[in-house]
Amino acid sequence: MGYTLNFAAVWRSFDQLLEGLLLSLGLAFISILIGAAIGLIIAFALISKSRWLQRPAALYVTIIRNLPILVLVLFAFFALPQLGIRIGKIQSFVAVLSIYSGAYLAEVFRAGLLSIPKGLTEAGLAIGLTPMQIRVSIITPLMLRNVLPSLSSTIISLFKDTSLAAAIAVPELTFEARKINVETFRVIETWMVASGLYVVTCSVLAALMRVVERRLAVPR
């Protein structure tokens with residue numbers, strides 16, 4: 001084939017890849033926190049007896065889950081400024097990933113909430129707790145423990161979705177790898193190293209989540 005592997009040029013720029021990886025992790029972490037808050041609110045709305053809460057929540061989940069995230073990223077970055085809404089590219093991507101993750105986490109949380117015995121709510125009311133106190137101090141903690149396996153998969157998927165930020169020139173891992181590729185013409189080496197960083201990071205995240213799952217596992 002006439003192609004000789006030479007990682008020297010990539011190693012010289014390895015610090016750029018690490019900076020991109022750190023930004024990817026930061027984007028994922030912030031987006032997951034915001035998305036979890038959105039998802040929790042939407043999940044409670046989905047199981048609410050009020051149709052005024054259920055229908056808008058269901059519409060949000062349906063629309064967001066059926067749109068490619070790349071379309072949302074490009075719309076937020078290129079279309080919103082035409083409407084007079086101008087925010088930075090990093091803020092734009094975080095907003096999109098938060099909204100996107102919120103829709104997926106809402107379904108995860110909804111399933112978790114439905115798994116909680118109704119007797120716990122009745123017991124909370126019997127000892128004088130308000131409905132809000134029951135949701136915050138009893139229902140939500142138990143639900144989070146129940147959905148940890150699904151939550152782990154969602155977190156890893158959202159971390160990988162940060163690669164789409166490269167489409168709007170956010171200097172995360174994929175963007176930095178593409179830049180090194182263009183500068184050095186070491187196509188195979190660059191993407192092998194970038195892929196390795198993604199695999200290692202996802203493996204570490206999965207291992208950490210398994211530790212959390214074991215420590216917080218609900219006794220059977």
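These exercises, each with a worked solution, walk through the predicted model above.

Residues are numbered from 1 along each chain as its sequence is written. In this predicted model, local features need pLDDT of at least 70 and side-chain atom pairs count only at pLDDT 80 or more, while totals for chains, interfaces and linings use all residues; side-chain values use heavy atoms, with hydrogens and water left out.

**Exercise 1. The overall fold**

Work out how many helices and strands the protein chain has, and in what pattern they follow one another.

Step 1. Start with the definition: helices (H or I, at least four residues) and strands (E, at least two) are DSSP runs, numbered from the N terminus.

Step 2. Count them: the protein chain has 10 helices and 0 strands. Along the sequence, this reads α-α-α-α-α-α-α-α-α-α.

Step 3. Look at the extent of the chain: along the principal axes, its C-alpha atoms fill a box of roughly 75 × 45 × 25 Å.

Step 4. Turn to burial, where buried means under 20% relative accessible area, exposed over 50%, and partly exposed in between (1.4 Å probe, protein chains only). Of the 220 residues in the protein chain, 38% are buried.

Step 5. Finish with contacts, meaning heavy atoms within 4.5 Å. Among those between residues at least 6 apart in sequence, 79% join residues at least 24 apart.

**Exercise 2. The faces of helix α3**

Find which residues of α3 are buried, and explain why they line one face of the helix.

Step 1. Check the helix length first. The expected span is 1.5 Å times one less than the number of residues. For the 15 residues of α3 (residues 51-65) that gives 21 Å, and the end C-alpha atoms are indeed 21 Å apart.

Step 2. List the buried residues: Ala57, Tyr60, Val61 and Ile64. Viewed down the axis of α3, these residues fall within an arc of 95°, so they line one face; the arc is that of the directions from the helix axis to the C-beta atoms.

Step 3. Recall the helical geometry behind such a pattern. An α-helix has 3.6 residues a turn, so residues three or four places apart point the same way.

Step 4. Now turn the helix around. The face of α3 away from its buried side carries the exposed residues Arg51, Trp52, Arg55 and Leu59.

Step 5. Ask what covers the buried residues of α3: the cover includes α2 (14-46), α4 (69-79) and α5 (89-114).

Step 6. Inspect the N-terminal end of α3. Ser50 caps it, with a side-chain oxygen 3.3 Å from the backbone nitrogen of Trp52.

**Exercise 3. Helix α8 and its neighbours**

Determine what Ser152 and Leu151 touch beyond their neighbours within four places in sequence.

Step 1. Place both residues: Ser152 is found in helix α8 (residues 148-161), and Leu151 is also in α8.

Step 2. Check the helix itself: α8 has 14 residues and reaches 20 Å from first C-alpha to last, close to the 20 Å expected.

Step 3. Assess burial. Ser152 is buried at 6% relative accessible area, and Leu151 is buried at 14%.

Step 4. Read off the contacts. Ser152 touches Met209 and Glu213, while Leu151 touches Leu105, Val108 and Phe109.

Step 5. Widen the view: what covers the buried residues of α8 includes α2, α4, α5, α7 (131-146) and α10 (187-216).

Step 6. Cross over to Ala28, which lies in α2 and is buried at 5%. Its contacts, again leaving aside neighbours within four places, are Phe159 and Thr162; Phe159 is one of the buried residues of α8.

**Exercise 4. Two positive phi angles**

Decide whether Ala169 and Phe185 are buried, partly exposed or exposed.

Step 1. Note the backbone: phi is near 65° for Ala169 and near 65° for Phe185, a positive value in a residue other than glycine.

Step 2. Locate them. Ala169 lies in the loop between α8 and α9 (173-184), whereas Phe185 lies in the loop between α9 and α10.

Step 3. Apply the cut-offs. Ala169 has 30% relative accessibility and counts as partly exposed; Phe185, at 65%, is exposed.

Technical notes: Polar contact = N/O pair within 3.5 Å; in protein donor to acceptor, adjacent residues only side chain to side chain.
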